[in-house]
Amino acid sequence: MDERELIRSWAEKRVGLLARRSLLIAALAAPSLPAFADWGMGAANSKLPPPEVFAPVSTPASAIDTLAWFTIAICAGIALIVGGLLVYSIIRFRARPGDDGQEPPQVYGSNPIELAWTAVPIIIIFVLILTTARTIYMVQAAIPPPGALKVRVIGHQWWWEVRYPGLNIVTANEIHVPLTDSRDSNPTYLELESADVAHSFWVPRLSGKTDLIPNRTNTMWIAPHQAGTYLGQCAEFCGTEHALMLLRVIVQPHAEWERWVADQQKPAAALASRGRQVFESNACVNCHTVRGTVANGRFGPDLTHLASRQTLAAGAALNTPEHLRMWITNPDVIKPGALMPAMNLSAADINDVAAYLGTLR
Ligand code: HEC
Ligand SMILES: [Cu+2]
C-alpha cells in the first residue's frame, strides 16, 4: 500500500465511525426533544395564506413587488445577453482539429466599444436608482390622512404590545385593522417602538420591514385591500426566542372591524371567581393588566381580552384551555427562555386561573 492509499483507508474509517456515532446520538436524543411539538400552530397556520413577498395584498407591499419584478427583469435581461454572448463565443470559437495553433488577431482598444460598455451600465444603474428612490419616497413620505387609524406597536422580548391610542384598546401579537377600500376607510399608520432591544416588524404580504428601535419612533403604513389573516414575524435577531416572536394582522371589512373595536373596549368580564382571586393574589398582577381589576402590570401582555386572541405567547401556541394551563404551569415548556417565570401554583390554582383567563373574551 502506498502512502496515498493508506491515508484514504484511514479517512474512510474515520468517516464511517463519525457517521455511526452521529446516528447513535440522534437516536438517543430524538425522544427527549420537545422541539417537534408545535402546539397546534402548524395545522392552524397551514389554513392561512403563506407569508410570501410575491403575493402582496396591500399598497407598500405591491409597490415593492412591482419594483422587485422590474429589477429582476432588467437583471435577467443582462444575464441572458452576457450569458448568451459567452455561450455563443465558446461554441463558435472553440478549438477545432487542424487549427493552426496561432493566437487570433489581438485588438487593442476600441473607443466605440469602451464607450458603449461604460455608458450602458451607467444608464441602467441610473434607471434602477430612480425607480427605487421613487418607490421609497412613495412609501416613506406619505402623510397620514386626517382619519387614518393609528396603532402603536411596541416590541418586547419576545412579543408585540399593540395599543390603539384614542380607542382605549390594548392587546398583543394580533393586530386588527380595517380593510382599506376606496369608500369609507383610510390606511392604517403604525408607530413602531421598542421596550428593550432592536426588533423588526415584518408582515410580507402587507409591507416591507421596519425596525423597532429603543428611544425612537419609526413609522410605516399599510392599506390592505383584501380581508384575511396575514402572518408576520420579528425579522431582526433579538435573543433566545426571536424565532417565536410571531404576529398576525387580521384585516376585516369595516363593520366587522368596528364590532371587534366595540368588544375590545368593554371592560374585562367581571366574574368573581376563585380563579380571579388566585390571579389577583399572585405576582401575575405585577406583569399583566386586566382592565378594571387591580392587575395593572405592563411587563407582559395585556390580558383583558386574552380569550379573544387566536394564539398564546406571540404565536407560540394555539389559544386552547389545555395550552393555557401548560403555559401557566411552565412557560418554558412552550417557549424556552420566555421572560415569564413558572409561578409554582398548585394544580387546583392553575386550573382555576386558566378557567378565569378563559372567560376574558
Ligand atoms: C415577571 C413577569 C410575569 C409574571 C409574574 C407573570 N407573567 Fe405572564 N407573561 C409575562 C411575559 C413577559 C409574557 C410574554 C411571553 C412571551 O410571549 O414571550 C407573559 C405571557 C403570559 C400569557 C400569554 C399572553 C398572550 O397574550 O399570549 C398568559 C396567559 C400569562 N402570561 C399569564 C400569567 C399568569 C396567570 C401569571 C400568574 C400566575 C403570570 N402570567 C405571571 C410576564 C409575566
Ligand atoms: Cu424581536
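How do the residues of the shell around ligand 1 divide into nonpolar, polar and charged? Keep that in mind and we'll get there by way of the whole chain.

**Before you click**

This is a predicted model, where local features need pLDDT of at least 70, side-chain atom pairs count only at pLDDT 80 or more, and totals for chains, interfaces and linings use all residues. Residues are numbered from 1 along each chain as its sequence is written, while chains are lettered from A and ligands numbered from 1 in the order in which they are written.

**Zoom out**

Show the whole chain as a cartoon. You should find 10 helices and 12 strands, counting DSSP runs numbered from the N terminus (helices are H or I, at least four residues; strands are E, at least two). The radius of gyration is 29 Å, well over the 21 Å that the globule rule gives for 361 residues, so the chain is more spread out than a compact globule. That radius is taken over C-alpha atoms, and the rule is 2.2 Å times the number of residues to the power 0.38. Along the principal axes, the C-alpha atoms fill a box of roughly 100 × 70 × 35 Å.

Now color by domain: domain 1 is 59-91 + 112-140, domain 2 is 149-265 and domain 3 is 274-358, with bounds from an automatic or database domain assignment. The C-alpha centres of domain 1 and domain 3 lie 52 Å apart.

**Select 59-92, then 111-140**

The selection 59-92 is helix 3, whose end C-alpha atoms are 49 Å apart, in agreement with the 50 Å expected for 34 residues at 1.5 Å a residue. The expected span is 1.5 Å times one less than the number of residues. Helix 3 has 3 buried residues out of 34, so it lies largely in the open; they are Thr59, Pro60 and Ala61. Buried here means 20 or more other C-beta atoms within 10 Å of the residue's own, exposed means 12 or fewer, and partly exposed is in between, with C-beta atoms placed from the backbone. Helix 4 and strand 8 (218-222) are among what covers those buried residues.

Residues 111-140 make up helix 4, home of Thr131. Helix 4 is hardly covered, with 0 buried residues among its 30. Thr131 is partly exposed, having 15 other C-beta atoms within 10 Å. Leaving out residues up to four places away in sequence, Thr131 touches Leu67 and Phe70; contact means C-beta atoms, placed from the backbone, within 7 Å.

**Loop stops**

Pick Gln157 and Trp158: a cis peptide bond joins them, with omega about 5°. Trp158 is in the loop between strand 1 (149-156) and strand 2 (159-164). Next is Asn168, in the loop between strand 2 and strand 3 (169-172), with a positive phi near 60°. Asn168 counts as exposed, with 11 C-beta neighbours inside 10 Å.

**Last stop: ligand 1**

Select ligand 1 and its surroundings. The shell has 32 residues, the closest being Cys284, Cys287, Gly300, Ala313 and Met340, where near means a C-beta atom, placed from the backbone, within 6 Å. Helix 7 (284-287), helix 8 (321-329) and helix 10 (347-358) each give two or more residues, and helix 7 gives the most, with 3. Domain 2 and domain 3 both give residues to the shell, so ligand 1 lies between them.

As for the opening question, the shell divides into 24 nonpolar, 5 polar and 3 charged residues. Nonpolar covers Ala, Val, Leu, Ile, Met, Phe, Trp, Tyr, Cys and Pro; charged covers Asp, Glu, Lys and Arg; the others, Gly among them, are polar.

Terms used. Contact = placed C-beta atoms within 7 Å.
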